[in-house]
Amino acid sequence: MTADHADPTARITALADERVDFRFKGLPPDADGLTVGELAAQRRNLFTGGFTTPAIALSAERVEHNLGLMADYTARHGLVFAPHGKTSMAPALFARQVAHGAWGVTLATPHQVRVARAFGMERVLLANEVVDAAALHWISRELDAHPSFRFVCYVDSVRGVELMDEALRAAGGTRPVDVVVELGAGADARTGARTEAECAAVADAVAATRTLRLIGVSGYEGEVPGADPESVRAWLRRLVSLLADFDAAGRFTALDEILVSAGGSAWFDAVAEVFAEVPALSAPVLKVLRSGAYLSHDDGHYRRLTPFNRVPEEGRLEPAFRLWAQVISRPSPEQAFLNAGKRDAAYDLDLPEAQVVRSARDGALRDATGITVSAISDQHGWVRTAPDAQLEVGDWLGLGLSHPCTSFDKWQLIPLVEADGTVRDFVRTYF
């Protein structure tokens, strides 16, 4: 067993030893050569401590709030939490999620699993079918080398099962790979077997192997076509019925627990409601929720879609990201340009939202009234301004972002910032 796996915290702690240099945009040029830990210990201010624009900021207080809120929510509803790690790809945040009670982490690709394992994550749900032989050989070796490693992945086709079995037999491992059959959310949805009969055929194919072990069912309700509360709940009940039918047919043998999983960040209230209806089966049921965007939430897509809009009595997530860009051109009273663009800001779902201006003259903050981001190009933000908008060259404009997944992936080292601008720590990402 390697030192990394023997001590799951070792690599997390070692993140503070990485040297700051040109690789990390936005950081103070005069910090080159310091370790991340040394820079964090200086507790510089994001605005006056030498950070360059554009600069991303992740609110320390809001991240902590969101971690606690979802930990409480899942515990209250009898759910096991495996938040989707593809959102942040930040092992230090994975560790904080586990410290707040998460069972493990969900991931989307074998590479992401390798990142998680490098930082000691012991439970991983890979929410995809894996047919890459080289990746399956690595998974097999990892399972054999580390008995405490719990790995589960999807299967959604007979052909996929055949390819997995072929690769795993060639790998010669001794531990079978645990799999769950993925039920697709509809004819025009993403992955997953489309019908219960197809799911049964996939389960039969798994049973015919010695390299795979069927432990449950899963799916993603966010892909239900024209998703609304009624259609999402109907699909989730199909998933629960499939689970019960598989159990009644004796498909889950000699298991300590049976797994059922669903849940993105838009319908976890429906998942909680329907999973409460799961009947008693031949073994205890692990009801796994996979929501990931909650960690930073956002100022756009998930602000509109969060289930807490429907159940406000359950709590409220707080948007934790803010991108600070500087006004570098003001060619007309109606137009301005920022030094941040597609390389810095999420733009796949919504454009950034102008929220606050920090004056270059005196550092005073004011609302970004009359200021709108109208477009972004690779390295510029296009801004429209109303006649009475206060904005001049040199001002910093604080932007709210939409879609956490495409906010984290543009920054390798993200300042974790307190409300007064003090940089408490840094979050390292691995995309």
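Is Phe-119 buried or exposed? Select Phe-119 in this predicted model: the residue is buried, with a relative accessible area of 7%.

**Stop 1: the ring pair at Phe-119**

The structure holds 12 aromatic pairs. One of them joins Phe-119 to Tyr-430, with ring centres 5.4 Å apart and planes at 45 degrees, so the pair is tilted. Show the backbone around both residues. Phe-119 belongs to the loop between helix H6 (110-118) and strand E4 (123-129), while Tyr-430 is in the segment after E18, so the pair ties together parts that are 311 residues apart in sequence. Unlike Phe-119, which is buried at 7%, Tyr-430 is partly exposed, with a relative accessible area of 23%. Now add Arg-428 to the selection. Arg-428 lies over the face of Tyr-430, at 4.7 Å from the ring centre.

**Stop 2: strands E17 and E18**

Go next to E18, residues 423-428, which is joined to E17 by 5 bridges in an antiparallel arrangement. Within this pairing, Phe-426 of E18 stands opposite Pro-415. The hairpin of E17 and E18 has 5 residues between the strands, and Gly-421 takes a positive phi near 95 degrees there.

How many of the residues of strand E17 (residues 413-417) are buried? The count is 5 of the 5, so the strand is largely enclosed by the rest of the structure. Colour the two faces separately. In a regular strand the side chains alternate between the two faces of the sheet. In E17, Leu-413, Pro-415 and Val-417 are buried on one side, and Ile-414 and Leu-416 are buried on the other.

E17 has a further neighbour to display: strand E1 (residues 55-59) runs parallel to E17 and is joined to it by 2 bridges. Ser-59 has Val-417 of E17 as its bridge partner.

**Stop 3: the open sheet**

Return to E4 and bring up the sheet around it. What is the order of the 8 strands in the open sheet? The order is E2-E9-E8-E7-E6-E5-E4-E3, and the pairing is parallel. Strand E2 (80-81) and strand E3 (105-107) are the edge strands, each pairing on one side only. Further in, E4 and strand E5 (residues 150-155) run parallel and are joined by 5 bridges. Label Val-124, which stands opposite Phe-151 in E5. Then add helix H8 (residues 158-171), which packs on the sheet and touches E4, E5, strand E6 (177-182) and strand E7 (212-218). The direction of helix H8 makes about 140 degrees with that of E5.

**Stop 4: an exposed loop residue**

Select Asp-256, in the loop between helix H10 (229-248) and strand E8 (258-262). Asp-256 is exposed, with a relative accessible area of 71%. Which residues does Asp-256 touch, not counting residues up to four places away in sequence? They are Ala-283 and Pro-284. To finish with this residue, draw a C-alpha to C-alpha distance from Asp-256 to Pro-331: the two are 75 residues apart in sequence and 67 Å apart in space.

**Stop 5: other rings**

Two further selections involve aromatic rings. Select Phe-47, Trp-324 and Trp-396 together, since ring pairs link them into a cluster. Last, select Lys-25 and Trp-411: the charged end of Lys-25 sits over the ring of Trp-411, 4.2 Å from its centre.

Note on methods: Residues numbered from 1 in each chain as written. Predicted model: local features only at pLDDT ≥ 70, side-chain atom pairs only at ≥ 80, totals over all residues. Heavy atoms only, no water. Buried < 20%, exposed > 50% of the residue type's maximum accessible area, 1.4 Å probe, protein only. Helix = DSSP H or I, 4+ residues; strand = E, 2+ residues; numbered from the N terminus. Pairing = 2+ DSSP bridges. Phe/Tyr/Trp six-rings, centres within 6.5 Å; stacked < 30°, edge-to-face > 60°. Lys NZ or Arg CZ within 6 Å of the ring centre and 35° of its normal. Contact = heavy atoms within 4.5 Å. Axes fitted to C-alpha atoms, helices over the stretch in contact; angles between N-to-C directions.
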